[in-house]
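Please look over the sequence and the structure shown below before reading on. The report that follows goes from a single helix to the sheet it packs on, and then to the cores and the annotated site.

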Amino acid sequence: MVSVSSLNCSLPSFCYLTSVAKITDRMSEEKDVRRVDVHEEEEDGDDDGAVGFSESTFLVPWMRLDMLRALFARNMALPRHHAPVLEEMTLNGIAKYIQSGKGKRILCMVGAGISTSAGIPDFRSPGSGLYHNLQKYNLPHPQAIFEMSYFKMNPQPFFTLAKELYPGEFKPTVSHYFMRFLRDKGLLLRCYTQNIDTLERVAGLTDDNLVEAHGSFHTSHCLGCQKAFPLTWMKEEIFKDNIPVCDECEGLVKPDIIFFGESLPQRFFQCIQTDFSDCDLLIIMGTSLVVQPFSSLTNRVSETTPRLLLNMERSGQTDPIMAALGLGSGMDFDSENAYRDVAWLGKCDDGCLALAELLGWKEEFEALVTAEHSRIDEELTTAKLQGATIGAHHS
């Protein structure tokens, strides 16, 4: 047993533990456990496509026990060694796990990386990221476009941007359809998404299949009287270049995406209470796992639940020093103690296709994607022809 007093407190990671304890003690006094106040400047780094959350976010109180349990678990005991959960720490090992019948309740956690192949930019990639291309809006700072105070004062930049990125102008990717395919196979427990583009819904996932952690454009509400407005109404207003206004109280209408300082959807907190304990395989796609509280969800599954990361780079890993102390709560892909975590590095679409092939599903899966993309192309063509006919009639 290692005592706290015997540790060198000059050790940076241990001092970090002390800071976390102080923060969580302070946060335990908060009354609204669903609020994350994040008005701090974001740090440089990779982005998950999350709206309303910075990398320097505070911990919400419900995370307090999770963090303390992870950081001070086992009374500072030395690491416990687990028997391997997978036959091999590879994508093939994950496939064999599913084929064995053990992966029957699969949770997916996804970020902006699953939508980039659809043409939707992430937030901070140099040159192409959303925050690097907002100069034309004359914002006081890039994040202002997603700040409630600025939105109420000047909503035009947000709605101009929304027209460029509006749902329905893009087709779901292979990664989106892979989750739909898992659902059709009876294996998807739920998809937790950070994205606001609603492409999960376009791919065929329903309200029951989804937890939109940062909200989406699917519904909108008046900021005054709280009247609800559907996706079709909001889209029509945006494409007319109107500022959407409530027809009852003339209040400003905002899509139900989470802005900086807003509370997460209640459904997020309701579903995590059971989903992660019921899950027997966690698949994480296209996220750098730095935005809280979403990133902490990877630690809520049981210690015997395999976790697969499909991403361009490793993310969500245990700090090496914390792992040596037995306090690591992140994922462990490479150490001698690794027993359940697999990282497949590359484009998410390629990872989904590779897994489908290992499972013997590739032809069936590719047929689904081809059929769905053809259907969407036909619908878009029909809509354009109808629009042209209506325009000619009015002329």
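Which residues of helix 5 (residues 156-165) are buried? They are Pro157, Phe158, Phe159, Leu161 and Ala162, where buried means under 20% relative accessible area, exposed over 50% and partly exposed in between, computed with a 1.4 Å probe on protein chains only.

## Basis of the model

This is a predicted model, in which local features need pLDDT of at least 70 and side-chain atom pairs count only at pLDDT 80 or more, while totals for chains, interfaces and linings use all residues. Residues are numbered from 1 along each chain as its sequence is written, and side-chain values use heavy atoms, with hydrogens and water left out.

The protein has twelve helices and nine strands, taken as DSSP runs (H or I of at least four residues for helices, E of at least two for strands) and numbered from the N terminus. Of its 395 residues, 50% count as buried. Among contacts between residues at least 6 apart in sequence, 72% join residues at least 24 apart, a contact being heavy atoms within 4.5 Å.

## Helix 5, helix 8 and the three-stranded sheet

The buried residues of helix 5 pack against helix 4 (148-153), strand 4, helix 8 (231-239) and strand 6 (253-257). Strand 4 and strand 6 belong to an open sheet of three strands, which has the order 5-4-6 and antiparallel pairing; two strands are said to pair if DSSP finds at least two bridges between them. Strand 5 (228-230) and strand 6 are the edge strands, each pairing on one side only, and neighbouring strands of the sheet are turned by 40° against each other on average, direction ignored. Strand 4 and strand 5 are joined in the antiparallel sense over three bridges, with histidine 221 standing opposite alanine 228 in strand 5.

Helix 5 packs on this sheet by touching strand 4 and strand 6, and its direction makes about 60° with that of strand 6. Helix 8 lies across strand 4, strand 5 and strand 6, and runs at about 75° to strand 5. The axes of helix 5 and helix 8 come within 9 Å and cross at roughly 105°, which makes helix 5 roughly perpendicular to helix 8. Axes here are lines fitted to C-alpha atoms, for helices over the stretch in contact, with angles running from 0 to 180 degrees between N-to-C directions; angles under 35 degrees count as roughly parallel, over 145 as roughly antiparallel, 65 to 115 as roughly perpendicular and the rest as oblique. Where the two helices meet, Phe159, Ala162 and Lys163 come from helix 5, and Met234, Ile238 and Phe239 from helix 8.

## Strand 1 and its partners

Five of the five residues of strand 1 (residues 106-110) are buried, so this strand is largely enclosed by the rest of the structure. Its two faces are both covered, with Ile106, Cys108 and Val110 buried on one side and Leu107 and Met109 on the other.

Strand 1 pairs in the parallel sense with strand 2 (residues 188-193) over five bridges, and methionine 109 has tyrosine 192 as its bridge partner there. Five bridges also join strand 1 to strand 7 (residues 281-285), again running parallel, where valine 110 is partnered by methionine 285.

## Nonpolar cores

A nonpolar core is a set of buried Ala, Val, Leu, Ile, Met, Phe, Trp, Tyr and Cys residues joined through side-chain atoms within 4.5 Å. The largest one holds 40 residues, of which Leu182 and Met285 touch the most other members. Elements that give two or more residues to this core include strand 1, helix 6 (174-184), strand 2 and strand 7, and helix 6 gives the most, with six residues.

Not counting residues up to four places away in sequence, leucine 182 touches Ile106, Cys108, Leu187, Leu188, Ile283 and Trp361. Apart from the largest core lies another, of 25 residues, among them Ala144, Phe146, Phe159 and Phe229.

## The annotated site and serine 295

An unreviewed UniProt entry places the feature "active site" at His214; UniProt positions are given in the numbering used here, feature names are shortened, and annotations may be inferred rather than shown by experiment. Histidine 214 lies in the loop between strand 3 (210-212) and strand 4 (215-222) and, at 1% relative accessibility, counts as buried.

Serine 295 is placed in the loop between strand 7 and strand 8, and at 10% relative accessibility serine 295 counts as buried. Leaving aside neighbours within four places in sequence, serine 295 is in contact with Leu289 and Val290.
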